[in-house]
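Reader: I would be grateful for a close look at the aromatic rings of this structure and at the residues packed around them. Please treat the matter in one connected account.

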Amino acid sequence: MSYPCGYRVPEVDLAIFDENLFCSSCGFVSRLVVQTGLCEHLYCEKCLQGKVLSQVNPVCVKCKKPLQHTQYFPDNCLRREIEGKTVHCRNIAVGCNWSGELKIIDAHQCSCPYRPLRCGNDGCTITVPANQLIQHKEQECPHRQVECEYCGSSMNWDAYQEHEQNCPNVPVTCDRCGKIDIPRGKLFLHSHPFKGDCNRMYCPFRTHGCSCDDLLNRESLLKHLSEGVAGHQLILLSLMESVAQEREAVAPSEGGIGEGLLAVKSEVAAHSWALITHYKKQEELVTDVKALVVVLSEAINGIEQVSLAQTQENAMLRNRVERLEGKVERLEATLLQHDFSLNTLWRFIGELLRLAQRLVSRRLP
């Protein structure tokens with residue numbers, strides 16, 4: 001049987017609990033309340049056993065008096081009083097209207113439609129109410145997976161915003177001829193002056209010096225190219241001369257690079273013995289590292305075996321503890337029955353005594 005420490009109740013319900021009903025350790029409403037024998041302070045059973053009495057020299061959190069493992073007892077009367085209080089759901093602030101006895105609040109919290117849940121999308125750390133989780137994960141989360149409707153690629157929503165601006169399959173409109181639904185990746189081919197089918201194009205020599213700056217239909221473009229052959233050839237000649245000059249400017253630097261490479265090769269040859277020694281040392285180091293890895297692997301295997309044995313032992317101890325807790329619960333139920341029987345017996349004895357007194361009083365003169 002596993003449970004948290006004290007009951008966590010919403011702020012609106014704190015006033016219905018007396019101050020002495022709060023655990024002296026965790027500060028929440030006492031769960032399975034127990035009372036110390038000397039100072040009579042109240043604790044959650046788990047808080048007292050797990051936090052207070054586990055110390056070397058345990059003392060009461062409130063009054064600092066020494067405590068012993070046997071100097072406390074469960075207060076069943078207070079337990080019934082606490083668990084019978086009517087409280088609201090801890091998620092009342094976000095819309096939950098549930099209310100009920102405190103003893104069933106944990107069961108409600110596990111299924112409350114307003115309980116906070118973490119978004120399961122990779123990279124998202126947002127917590128949302130359970131009844132909004134699906135909407136957040138599928139429609140609002142910036143880390144949700146989406147698929148491009150044009151190319152079928154899958155990606156995060158954040159990346160999709162940029163992808164949509166560059167996807168080659170997104171349909172676009174030619175700003176020259178007005179043709180629509182052209183895949184973005186084929187727009188260049190559509191606008192090509194010779195291979196394209198666009199009916200509104202610039203002269204291909206426009207950016208290199210041609211004075212024609214008008215958008216031309218295909219017939220006008222072909223006429224312009226045929227009439228301007230001489231001018232266009234001069235532009236090509238000028239471009240070729242520029243390329244030749246750039247090559248001549250780069251040639252000396254290429255020669256310098258070649259000389260530098262020869263110098264480096266000579267330096268490496270002169271120090272080849274040092275390189276050979278370095279490689280030998282490196283091989284020895286690799287051998288030592290491999291041996292160390294073998295030793296570490298054996299140590300890890302040993303640790304894993306010990307850990308497995310410890311895990312099995314812990315499982316056995318947990319089972320024993322659960323069985324003992326079950327016995328304690330049954331004993332408590334038996335004690336309650338005995339208390340009820342004793343109370344009934346005492347009432348019966350009291351009635352007999354009162355009857356005997358009445359009979360004696362009648363016989364006396």
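Author: A residue is called buried when its relative accessible area is under 20%, exposed when that area is over 50%, and partly exposed in between. By this rule His136 is buried, because its relative accessible area is 6%. The model discussed here is predicted. His136 has its place in helix α4, which covers residues 133-140. Leaving out residues up to four places away in sequence, His136 touches Cys119, Cys124, Ile126, Val128 and Cys141.

The aromatic rings may now be taken in turn. A pair of aromatic rings is described by the distance of the centres and the angle of the planes. Searching the whole structure yields two such pairs. One of them joins Phe17 and Phe22, whose ring centres lie 6.4 Å apart with 70° between the planes, an edge-to-face arrangement. Phe17 has a relative accessibility of 4% and therefore counts as buried. Phe22 is likewise buried, at a relative accessible area of 19%, where the limit for that class is under 20%.

Trp157 and Tyr160 make up an aromatic pair that is stacked, with 5.7 Å from centre to centre and 25° between the planes. Both belong to helix α5 (residues 157-166), and because they are three residues apart there, about one helical turn separates them. An α-helix has 3.6 residues a turn, so residues three or four places apart point the same way. The partners differ in exposure: Trp157 is partly exposed at 30% relative accessible area, whereas Tyr160 is buried at 8%. The ring of Trp157 also carries the charged end of Arg144 over it, 4.4 Å from the ring centre.

A second arginine is placed over a ring elsewhere: Arg31 lies over the face of Tyr7, at 4.0 Å from the ring centre. Tyr7 leads on to the largest nonpolar core, which has 13 residues. Within that core, the members that touch the most others are Tyr7, Val9, Phe17, Val29, Ile82 and Leu102. Phe17, already described as a partner of Phe22, is thus in this group as well. Val9 gives a closer view of the packing: not counting residues up to four places away in sequence, Val9 touches Leu14, Phe17, Val29, Val87, Arg90 and Leu102. In soluble globular proteins, nonpolar side chains tend to be buried together.

Arg90, one of the residues touched by Val9, is also in contact with Gln109. Gln109 lies in helix α3, residues 105-111, and counts as buried at 11% relative accessibility. Apart from neighbours within four places in sequence, the contacts of Gln109 are Cys89, Arg90, Asn91 and Arg115.

Helix α7 (residues 218-227) shows how burial can be arranged about an axis. Its buried residues are Leu221, His224 and Leu225. Viewed down the axis of α7, these fall within an arc of 95°, so they line one face of the helix. Glu219, Lys223, Ser226 and Glu227 are exposed on the other side of α7.

For the wider setting, the protein chain has nine helices and eleven strands. Of its 365 residues, 23% count as buried. The accessible surface of the chain comes to about 26,300 Å², and 57% of it belongs to carbon and sulfur atoms.

Technical notes: Residues numbered from 1 in each chain as written. Predicted model: local features only at pLDDT ≥ 70, side-chain atom pairs only at ≥ 80, totals over all residues. Heavy atoms only, no water. Phe/Tyr/Trp six-rings, centres within 6.5 Å; stacked < 30°, edge-to-face > 60°. Buried < 20%, exposed > 50% of the residue type's maximum accessible area, 1.4 Å probe, protein only. Helix = DSSP H or I, 4+ residues; strand = E, 2+ residues; numbered from the N terminus. Lys NZ or Arg CZ within 6 Å of the ring centre and 35° of its normal. Arc of directions from axis to C-beta. Core = buried A, V, L, I, M, F, W, Y, C linked by side-chain atoms within 4.5 Å. Contact = heavy atoms within 4.5 Å. Areas by Shrake-Rupley, 256 points an atom, 1.4 Å probe, with all protein chains shown as cover.
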